[in-house]
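Reader: I would like to go through the ligand site and the empty spaces of this model with you, asking at each step what a term rests on.

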Amino acid sequence: MTEANEIHTPVMLERTIELLAPAIDEPGAVVVDATLGMGGHSEALLERFPGLTLVGLDRDPEALAIAGKRLERFGDRVHLVHTVYDEFEEALDGLGIAEVQGILFDLGVSSLQLDRVERGFSYSKDAPLDMRMDSTSDLTAERVLAEYSEAELRRIFRDYGEERLAPRYAQRIVAERAHTPLTSSAQLVRIITEATPVAIQRKGHPAKRVFQALRIEVNQELAVLERAIPAAVDSLAVGGRIVVLAYQSLEDRLVKRYLASHSTSSAPAGLPVELPEHAPELRLLVRGAELAPEQERDLNPRAIPVRLRAAERIRRAA
Ligand SMILES: C[S@@+](CC[C@H](N)C(=O)[O-])C[C@H]1O[C@@H](n2cnc3c(N)ncnc32)[C@H](O)[C@@H]1O
């Protein structure tokens with residue numbers, strides 16, 4: 001077993017393959033794994049479809065190195081690119097690829113990132129306040145906590161953490177940093193816990209939402225995803241398919257809105273016939289969001305929050 005096999009079980013793997021299969025099971029087909037991680041989904045796709053070429057993107061150099069090793073045996077069927085996935089088109093241009101038959105987004109942090117205590121993603125282990133998925137980028141959670149105003153902290157805790165106690169937490173952090181710099185996750189957990197009424201502490205870990213919000217801010221996750229989904233769908237050939245696995249409601253909502261708006265007619269209400277230019281570009285492949293099967297959720301806790309959405313390009317806008 002490779003290191004990657006040991007540390008990550010791909011979420012909803014069979015369903016992902018099943019949804020992509022009609023589009024990618026042909027010689028010369030190209031699939032983009034926009035969130036390569038440790039290459040779990042990618043490896044299975046390459047094994048299952050021998051005529052498939054895979055482009056794997058990731059912003060985390062460590063993930064690329066591990067996946068690169070794991071996928072070495074597929075030779076020139078694999079192209080890996082270190083990039084943030086909103087640079088989707090540039091990555092394909094660089095490889096001379098005009099359109100693709102399949103796209104997968106398996107969003108969020110990888111178990112590798114969560115397991116590396118020193119990267120500071122976890123509120124349950126003491127570590128420096130880092131939270132960068134790309135260790136070569138500048139913004140860390142420590143800098144956010146040190147440099148953002150109280151209003152900005154309040155906004156990110158509320159918008160990205162959906163945290164009702166955002167004003168209280170922002171105020172405590174600003175008061176604390178006035179005398180002691182915040183450098184460790186344990187320090188942040190202590191401040192949040194002390195600021196949380198006991199009744200609320202019983203409903204899950206009080207720092208969970210603040211950590212999620214910081215991670216989203218540090219990695220600009222929602223802004224990047226908002227640009228990436230249209231860019232990705234744009235590169236889909238007619239008949240090409242996209243599958244997205246989201247683990248938190250903000251990301252899922254964004255994906256849902258985009259896919260819904262492009263899979264319905266844009267004809268103004270009341271027109272007797274739909275003009276071709278108003279016809280939808282996408283067809284939804286699953287009703288609403290699909291959850292992981294119960295058996296998978298029992299075996300793999302990472303699969304519990306997942307929401308899968310998928311669509312097929314049925315027409316290209318003129
Ligand atoms: C959940 S993991 C993917 C796991 C992968 N499907 C597997 O089976 O091994 C998500 C990966 O996406 C990467 N990622 C997250 N946001 C990204 C972005 N904006 N651009 C590029 N990669 C990103 C993370 O670095 C992480 O490695």
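Reader: Which residues come nearest to the ligand, and what makes a residue count as near?

Author: Among the 25 residues around the ligand, H41, D58, Y85, D106 and Q113 come nearest; a residue is near a molecule if one of its heavy atoms lies within 4 Å of it. This is a predicted model, in which local features need pLDDT of at least 70 and side-chain atom pairs count only at pLDDT 80 or more, while totals for chains, interfaces and linings use all residues. Residues are numbered from 1 along each chain as its sequence is written, and side-chain values use heavy atoms, with hydrogens and water left out.

Reader: Why is the pair formed by D106 and the ligand called a polar contact?

Author: A polar contact is a pair of N or O atoms within 3.5 Å. An N or O atom in the side chain of D106 is 2.7 Å from a nitrogen atom of the ligand, so the pair meets that cut-off. A polar side-chain atom of Q113 lies 2.9 Å from an oxygen atom of the ligand, and a backbone N or O atom of G40 lies 3.1 Å from an oxygen atom of the ligand.

Reader: How much of the ligand does the protein bury?

Author: Taken alone, the ligand exposes 600 Å², of which the protein buries 100%, with accessible areas taken from the Shrake-Rupley method with a 1.4 Å probe.

Reader: How do you know which space the ligand takes?

Author: A molecule sits in a cavity if more than half of its atoms lie within 2 Å of its grid points, and by that rule the space taken by the ligand is the largest cavity. A cavity is a set of points, on a 1 Å grid over the protein atoms alone, where a 1.4 Å probe fits but cannot get out. The largest cavity holds about 330 Å³ of space, a volume being the space filled by probe spheres set on the points.

Reader: What lines the largest cavity?

Author: Its lining has 26 residues, with T35, G37, D58, D106 and G108 nearest the centre of the largest cavity; lining residues have an atom within 4 Å of a point. The lining of the largest cavity divides into 9 nonpolar, 10 polar and 7 charged residues, where Asp, Glu, Lys and Arg count as charged, and Gly is among the polar ones.

How values were computed
On a 1 Å grid over the protein atoms alone, a cavity is a set of points where a 1.4 Å probe fits but cannot get out, and a pocket is an open set with protein on both sides within 12 Å along at least five of seven lines; lining residues have an atom within 4 Å of a point. A polar contact is a pair of N or O atoms within 3.5 Å; within protein, one must be able to donate a hydrogen and the other to accept it, and residues adjacent in sequence count only if both atoms are side-chain atoms.
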